[in-house]
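Work through the exercises below with the sequence and the 3D structure in view. Each task is followed by a solution in steps.

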Amino acid sequence: MAADLQEKTDRYHDLLAEALDEVTVAPPEDTPMGEAALDCLEMAASYLDDGEHFREEDDLVNALAAFSYGHAWLDAGARVGLFDVPREGHLFTI
């Protein structure tokens, strides 16, 4: 069971890190929608940092949760048009 949690935590970390690298803000950044996109990016990056901290502390449950929440911010932003994202592949559910 612990090995499964470790593998899943590592996989979700990599998914979030890769998604953060691929996402770009769609609306102009000096508009309300652009500001919302930047807020979502900041939240996703913060959850990545938090998850890495939890993982270093061997708290895999909270690390996995943080990585999952971080990716959810990006996925939601992509669905409502805040981000331009790859439409093919495994990173986003659009």
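**Exercise 1.** Find which residues gather in a patch of negative charge on the surface, and place Asp 39 within the fold.

Solution. The patch of negative charge is made up of Glu 29, Asp 30, Glu 35, Asp 39 and Glu 42. Patches take residues with over 30% relative accessible area and no salt bridge, like charges being joined within 9 Å and nonpolar side chains (Val, Leu, Ile, Met, Phe, Trp, Tyr) within 5 Å. Asp and Glu count as negative, Lys and Arg as positive, while His and the chain ends are not counted. A charge is placed at CG of Asp, CD of Glu, NZ of Lys or CZ of Arg. Asp 39 sits in helix α2, residues 32–56; helices are DSSP runs (H or I, at least four residues) numbered from the N terminus. Asp 39 counts as partly exposed because its relative accessibility is 48%. Buried means under 20% relative accessible area, exposed over 50%, and partly exposed in between (1.4 Å probe, protein chains only); the areas come from the Shrake-Rupley method.

The model is predicted: local features need pLDDT of at least 70 and side-chain atom pairs pLDDT 80 or more, while totals for chains, interfaces and linings use all residues. Residues are numbered from 1 along each chain as its sequence is written, and side-chain values use heavy atoms, leaving out hydrogens and water.

**Exercise 2.** Describe the span of α2, list its buried residues and state what follows the helix.

Solution. From first C-alpha to last, the 25 residues of α2 reach 36 Å, close to the expected 36 Å. The expected span is 1.5 Å times one less than the number of residues. Next, the buried residues of α2 are Gly 34, Ala 37, Cys 40, Leu 41, Ala 44, Leu 48 and Gly 51. Met 43 is also in α2, but counts as partly exposed because its relative accessibility is 31%. The C-alpha atom of Met 43 is separated by 6.6 Å from that of Gly 70, 27 residues apart along the chain. Finally, α2 is followed by Asp 58, which has a positive phi of about 65° although it is not a glycine. Asp 58 lies in the loop between α2 and α3 and counts as exposed because its relative accessibility is 61%.

**Exercise 3.** Count the salt bridges and say which residues form them.

Solution. A salt bridge is a side-chain nitrogen of Lys or Arg within 4 Å of a carboxyl oxygen of Asp or Glu. The count comes to two. In one, Glu 7 meets Arg 11 at 2.9 Å, N to O. Glu 7 and Arg 11 are four residues apart in helix α1 (residues 2–22), so about one helical turn separates them. In the other, Asp 10 pairs with Arg 55, with 3.0 Å between the closest N and O atoms. This pair links distant parts of the chain, Asp 10 in α1 and Arg 55 in α2, 45 residues apart. Asp 10 is partly exposed at 27%, and Arg 55 is partly exposed at 26% relative accessibility.

**Exercise 4.** State how far α3 reaches and which of its residues are buried.

Solution. α3 (60–79) has 20 residues and reaches 28 Å from its first C-alpha to its last, close to the 28 Å expected. Its buried residues include Leu 60, Phe 67, Gly 70, His 71 and Asp 75. After α3 comes Gly 81, with a positive phi near 90°.

Key: Accessible areas come from the Shrake-Rupley method with a 1.4 Å probe; for residues, only the protein chains shown count as cover. Helices (H or I, at least four residues) and strands (E, at least two) are DSSP runs, numbered from the N terminus.
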